[in-house]
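Here's a quick tour for someone who likes cut-offs spelled out. Have a look at the model first, then read on.

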Amino acid sequence: DIKEVYRIKLYGDLNGDGNTDILDMIRLKKYIAGTDCTVKGSAADTQRDGLINSEDLITTKRIIMQAI
């Protein structure tokens, strides 16, 4: 059997559970505020500008609202 593994990046999925939801938004908010919280950097950069900031928080909220 040949098996291939593909990694798919889901922008906004900061905890790696396969969903972008309110838990990811809370985690990003804590990270931006400087609390002891880790995020998957590339998934947190929803603006894709190389920075993790409030702009990414706004985009993450939009991703969640589109999923509803």
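## Rings and charges

How many aromatic pairs does the count come to? Zero, taking rings of Phe, Tyr and Trp (its six-membered ring) as paired if their centres lie within 6.5 Å.

There is a charge over a ring, though: the charged end of Arg48 sits over the ring of Tyr11, 3.9 Å from its centre. The rule here asks for NZ of Lys or CZ of Arg within 6 Å of the ring centre and within 35 degrees of the ring normal.

## Ground rules

This is a predicted model, where local features need pLDDT of at least 70 and side-chain atom pairs count only at pLDDT 80 or more, while totals for chains, interfaces and linings use all residues. Residues are numbered from 1 along each chain as its sequence is written, and side-chain values use heavy atoms, with hydrogens and water left out.

## α1 against α3

Helix α1 (residues 22-33) and helix α3 (residues 54-67) have axes that come within 10 Å and cross at roughly 175 degrees. That makes α1 roughly antiparallel to α3 (over 145 degrees). Helices are DSSP runs of H or I, at least four residues, and axes are lines fitted to C-alpha atoms over the stretch in contact.

On the α1 side, the contact (heavy atoms within 4.5 Å) is made by Ile22, Met25, Leu28, Lys29 and Ile32. From α3 come Ser54, Asp56, Leu57, Thr60, Lys61 and Ile64.

## Two residues up close

Ile22 of helix α1 is partly exposed (20% to 50% relative accessible area, 1.4 Å probe, protein chains only), at 48%. Asp17, in the segment before α1, is partly exposed too, at 39%.

Note on methods: Axes fitted to C-alpha atoms, helices over the stretch in contact; angles between N-to-C directions. Helix = DSSP H or I, 4+ residues; strand = E, 2+ residues; numbered from the N terminus. Parallel < 35°, antiparallel > 145°, perpendicular 65-115°, else oblique. Phe/Tyr/Trp six-rings, centres within 6.5 Å; stacked < 30°, edge-to-face > 60°.
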